[in-house]
Every structure is written in structure tokens, then in C-alpha cells.
Amino acid sequence: MKELKQIFHPGRFLTDLPDLHSFSYDASFGNHLPQAVVQVKDVSEVIAVLKLANEYRVPVYPRGQGTSLSGGPLPVKGGIVMDLSRWREILEIDPDDLVAIVSPGVLTSDINKAAEKYGLMYPPDPSSSHVSTIGGNLAENSGGPRGLKYGVTKDYVLGLEVVTPEGDLIRTGGRTMKNVTGYDLTKLIVGSEGTLGVITEAILKLIPKPPATRTMMAVFDDLVTSGKAISKVLTSGILPAKIELMDQASIVAVELYRPIGLPVDAEAILLIELDGHEETLKKEMGETERIIREVGARETVVAQTREEADQLWLARKLVSPAIVKVKPTKVSEDATVPRSKIPEMIDRLKQIKEKYDIHLVVFGHAGDGNLHPNIICDQRDTEEMIRVEQAVGEIFTTAIDLGGTLSGEHGIGTMKAPFMEKELGPLGLEMMNRIKGAWDPNNILNPGKIFPEPGQDSLVLRNG
């Protein structure tokens, strides 16, 4: 602690109990106190901290704004929280090379705002983009509604500056669109959840912004039918920018939270956005509307103005804050299945909800199979949490059985670690462990994440 204190200005080296509590939680749940918090703002500080931590075998937990839904930055073994959220000095747009160069603490939405001044776009758009840092997005390989058409964070990372757990500085990739020089270390770091290195700078790919967008709401009396409508649209030759699903529980929650006129008697609504050139959009939206009605939509409403479209998308953004008004604890999952299995996954979620008598809310990026089944519960109710635990386990098992995955964009963190072997198998998990051991031989960087701890077989209660 004495040596660590020498590296930082007193205002950026925090050890008082109230400060430690402020960095002990994220947007999942659970509370783990660190022994110190360091707020880094340049590469030399990151290097110094990691060299010191590696020497004394002290855990280091990189952290952005704490918006992780999987327990990614939680200091589960104490040690040092490395806060990168104040490091926002660099946000450069190069319109000729179509790239952005950014510091890790830059807010994700600010990158897109800066790109728009040049008629460009940074597509990854997690719902938390107005508060989440790009460093956190890179660590978790975050997605968002536009992932259906444009992909996720890893698809837009050209190069990184990274400090290894032993305190060495490396650069991966570069500014070129193509780069096949050896192993793709850039893609390895993106999505590694802060377990292999600390990202200190990123080079991101930008694309031209589409000139126009159109938004439609489709209303369904049956949740499974809405899933069939998604499949039908996606096999028609039309590729929407977004297809978002809200079930009845999320519709009702939003209307109670902030009434905006959603149909509370509907079992599901789909929000669909198309983008491109205006003339093409008119034809594609007409065809999409025809397909949706043919499958069984009760009603379709096409937004006629930008304000009407914004109001519809506001409804989707309000789901998360709205549902926690019902009960205080939210278990937010993002099991993802192949697009063809969306109707079956939706049907199975309905069965799980009834089987375990839980308050299950289904919404999310249904267009790419990335559903967000959220369970609203009360962590103080032990009996209820046992049912939640069982339900979540069955959700994961169902997703894997349908050819899907544990996580589409939230990451593994602490929440899904017990289920890793179920998806990867023992050898797959062992190969990942070998990579971790090669990069971080003393296991100081974000330990307790991704890999299940010995004897860990609980998803929810271990952080209760």
C-alpha cells in the first residue's frame, strides 16, 4: 500500500471505507470490498500498478463505469480496483482512414456523436452506451440492438494498446482494414473480460452513416407468433438494422413506469428499424409490414416522424429501469440461440416461467437470437431465490440444447462461470485456462471471473 500510494495523487488513490464501497458493486448484484482503488489516467500508471501487483501477488480488477450485468469488475478477492473511467483524453476521428482512436474511459455514445459530425457512424450501441465506457465494452465484447445488421464490438476493433498482467506494453493490430499477421491478438483481448490485459487505447473502425431510417411497431396476441414473424422477415431478403422484442410483462412495466401508450393487452410487440436510402426503405418497410401481418400480427404501426420513432425506442430503453420497480433484484441474462430457434426458445421460456412460478420478463435483441430473459425477484427471499437459481440453470441448459450460447453480449463474469463447462466441455475450458496461464502466470488480473472457482456450483446465491 505504501508503494502504491507513491504512484498517485492523493485524490486518485482511495482507501476510505465509503470510497471502497462505491467500487464494490456493479449492475449485477453482490458486494465485494477492495482494499484500494486507483484511478489511472495514463499508461505509465497502469504499468506501475501491474508491475507492483504482480510482484506482491495482489489481485487487480479493471473497471469502467460499473455497468456490467455479469459481475465483470467485482473485486471478488479484494485487492485493487483499477478505475479507468476518468481516462477520457483521447477521442480522435480520422475521416480519411475511417477510424476513431480512443482512450478507455471515453463513453461509447460519445464516439458515435463525434463520428456523426463527419457523416460516419460507430455501430455498436449497447443500451448503456450513454454511461458505459469503451474500455468496458471492449472487455465484454458488448453488442446492442444494431448488432443484427452491423455486428458487435469485436467487428469494429482494428488495433489495441494493452498492458499485460506483468506490466509490459504491447500493441496489436493497427489502422488497416486487413491484417493477417500471425495470431489475432486483438480479437483475443476483446471479450476477455479484463483477464488477459488492461486496454489503454483502441483504434476503432467507422462506417458511413445511412441517410435514412424507418421504424415500425408490430403488435401480437401470441408471444411465440412474434418469434415466427422474426424468422419470416429475416428469410425474406430484408435485413433490418434492429428487431427488438418486448413481452407483455415488459410492456406493462413500462406503461406503469412512464405511460407512452403501448398496448398493454398484447402478449408481445416487435420494434423494427430499417435503414438505408429513402426510396428503398419505403419498399422494404411495405414488404416487412405485409410479412408481419401475414404471419399473424394484430396491428402494425409505422412511425411517420422522427419524434414518433424516438418514442417507440424510448419504450425499449425504459424496460430495464421499469421492471426493477416491481421487485428490487434483477437477474439479467442474455442466452442466445440460432435465429431459427427463436420461436422455440420463446416457447421454452414461457414454460420455465410457469414451472418455477417466477416473474420472468422477456425482451431484447430478438432479431439475432440474443434474448434478455430477466427474472425480477427479491434477494432477501431465500425460497424465491432458490427457484430463481433453478430457473436460470434451466434457461442456460435450454439455450445450449438449442445450439446456442450462455452469453451474447453481457459476458461470463461471476454470474455464468458455473455453466462454462456445460457449453465448452472440459477440454475447451482447459484450453482457455492455458491461455490465461500464459498471459497471467500469477493470476493477478481479474481473478474469479469466467472460470468457475473450485466447488462453485451456484449462480445466484454465492453473491447473496
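Colleague: Before I count anything, what counts as a helix or a strand here?

Modeller: Helices (H or I, at least four residues) and strands (E, at least two) are DSSP runs, numbered from the N terminus. In this predicted model, the protein chain has 15 helices and 18 strands.

Colleague: Which strands form the open sheet, and in what order?

Modeller: Read a sheet by walking across it from strand to strand. Here seven strands line up as E15-E12-E14-E13-E17-E18-E16, with antiparallel pairing. Strand E15 (299–302) and strand E16 (329–332) are the edges, each pairing on one side only. On average, neighbouring strands are turned by 20° against each other, direction ignored.

Colleague: How many bridges join E17 to E18?

Modeller: Seven bridges link strand E17 (residues 359–365) with strand E18 (residues 370–377), and the two run antiparallel. To get your register, start from Leu 360: its bridge partner in E18 is Ile 375.

Colleague: And which strands does helix H14 touch?

Modeller: Helix H14 (residues 382–401) packs on the sheet against E16, E17 and E18, and its direction makes about 170° with that of E18.

Colleague: What radius of gyration does the chain have, and what should I hold it against?

Modeller: Hold it against a compact globule: for 464 residues that would be near 23 Å, and the protein chain's 22 Å agrees. Its C-alpha atoms fill a box of roughly 65 × 60 × 40 Å along the principal axes.

Colleague: What share of the residues is buried?

Modeller: Take buried as under 20% relative accessible area. By that cut-off, 58% of the 464 residues are buried. As for the accessible surface, the total is about 19,200 Å², with 51% belonging to carbon and sulfur atoms.

Key:
Residues numbered from 1 in each chain as written. Predicted model: local features only at pLDDT ≥ 70, side-chain atom pairs only at ≥ 80, totals over all residues. Heavy atoms only, no water. Pairing = 2+ DSSP bridges. Axes fitted to C-alpha atoms, helices over the stretch in contact; angles between N-to-C directions. Contact = heavy atoms within 4.5 Å. Rg over C-alpha atoms; globule rule 2.2 N^0.38 Å. Buried < 20%, exposed > 50% of the residue type's maximum accessible area, 1.4 Å probe, protein only. Areas by Shrake-Rupley, 256 points an atom, 1.4 Å probe, with all protein chains shown as cover.
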